[in-house]
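Visitor: I have a structure to look at and would like to learn how to read its features one at a time. Could you walk me through it?

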Amino acid sequence: MKSNRFMLSLVLLALSTVAFAQTDAQKSDAQKSSVAPVPSEVQKSFTTMKSLAGEWEGIVTVPEAPQMSGGKMHASMRVTSRGNALVHEFQEAGTPLDATKYDHPVTMLYVDGDQLTLIHYCDAGNRPRMTGKMSPDGKTVEFELKDISGSTAMHMHHSVFTIIDANHHTEDWTFMMNDKPIHAHFDLQRKN
């Protein structure tokens, strides 16, 4: 009887030692996985773009169409989809949110594999897709046209976002109209 109790104690001790060893091994794996991986250049670019979330207003300058210059624009940017997408919306400041009467293009930005992707849902009725790269100084993300769905006669072709500081950035958009580029420069200040 005494030897049975002794054997039972040894078995319980052995089991608890194994259980603690497994727990320690799991902790090591958990600690290893809690170390954040080094973000890729694409992820850094997207993080930079997400820092622009908020409400912005500023003046537009269109060198090829001076009559369009001087207007005040409103940009709204918000992070959505659990941090996986950035929604960018433009409209003339002070106009109602009525896309049937006023221009209101929507642009979505997200990481697609090893590319920072921008899809512009244009008031011209098409969807240009662009891929972006961040400048070495981390202040500018430039997007080049990759392809387009819908008509190509008039479409957004290129865009550049430049961060001046946390409350000031510029956007440069190039719109192609029958193979003629029209450049729009937006100088935007954070409203919130």
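Visitor: Let's begin with pockets. How much space lies in the largest pocket?

Guide: About 750 Å³ lies in the largest pocket of this model, which is predicted. After the volume, look for the residues around the centre. The lining has 28 residues, and Met68, Met73, Asp103, Met156 and Phe186 are the closest to the centre.

Visitor: Which strands each supply at least two residues of that lining?

Guide: Four stretches to highlight in your viewer: S2 (72-80), S3 (85-92), S9 (168-177) and S10 (180-190) each give at least two residues to the lining of the largest pocket.

Visitor: And how do the lining residues divide into nonpolar, polar and charged?

Guide: There are 16 nonpolar residues, eight polar ones and four charged ones in the lining of the largest pocket.

Visitor: Now the backbone. What should I look for in the phi angles?

Guide: The general idea is that most residues other than glycine have a negative phi. That gives you something to scan for. Here Ser81, not a glycine, has a positive phi of about 55°, and Asn178, again not a glycine, has a positive phi of about 50°.

Visitor: Where are Ser81 and Asn178 placed?

Guide: Ser81 is in the loop between S2 and S3, while Asn178 is in the loop between S9 and S10.

Visitor: Is Ser81 buried, exposed or partly exposed, and what about Asn178?

Guide: The relative accessible area settles both. Ser81 has 45%, so it is partly exposed. Asn178 is exposed because its value, 57%, is over the 50% cut-off.

Visitor: Can we turn to a residue in a helix? What is Ser45 in contact with?

Guide: Ser45 sits in helix H2, residues 41-50. When reading contacts, set aside the sequence neighbours: beyond those within four places, Ser45 is in contact with Leu116, Lys133, Met134 and Val141. Its relative accessibility is 3%, so Ser45 counts as buried.

Visitor: Which residues does Pro105 touch?

Guide: Pro105 lies in the loop between S3 and strand S4 (106-112). Not counting residues up to four places away in sequence, Pro105 touches His88, Glu89, Phe90, His120, Tyr121 and Asp123. For His88, the C-alpha atoms are separated by 8.3 Å, with the two residues 17 apart along the chain. A loop residue can also be checked for burial: Pro105 has a relative accessible area of 14%, so it is buried, the cut-off being under 20%.

Visitor: How do I read the pairing of strands? How many bridges join S1 to S2?

Guide: Check the direction and the bridges, then pick out residues that stand opposite each other. Strand S1 (residues 54-61) and S2 run antiparallel and are joined by six bridges; Gly54 stands opposite Met77 in S2. S1 also pairs with S10, in the antiparallel sense and over six bridges. There, Thr61 stands opposite His185 in S10.

Visitor: Stepping back, in what order do the elements of the chain run?

Guide: The chain has two helices and ten strands, and the order from the N terminus is α-α-β-β-β-β-β-β-β-β-β-β.

Visitor: Which whole-chain values go with that picture?

Guide: Three are handy. Of the 192 residues in the chain, 32% are buried. Among contacts with a separation of 6 or more, 37% involve residues 24 or more positions apart. Finally, the chain exposes about 11,800 Å², with 58% of that supplied by carbon and sulfur atoms.

Conventions:
Residues numbered from 1 in each chain as written. Predicted model: local features only at pLDDT ≥ 70, side-chain atom pairs only at ≥ 80, totals over all residues. Heavy atoms only, no water. 1 Å grid on protein atoms, 1.4 Å probe; cavity = no way out; pocket = protein on both sides within 12 Å on 5 of 7 lines; lining within 4 Å. Points joined across faces, edges and corners; volume = space filled by probe spheres on them. Nonpolar A, V, L, I, M, F, W, Y, C, P; charged D, E, K, R; others polar. Buried < 20%, exposed > 50% of the residue type's maximum accessible area, 1.4 Å probe, protein only. Contact = heavy atoms within 4.5 Å. Pairing = 2+ DSSP bridges. Areas by Shrake-Rupley, 256 points an atom, 1.4 Å probe, with all protein chains shown as cover.
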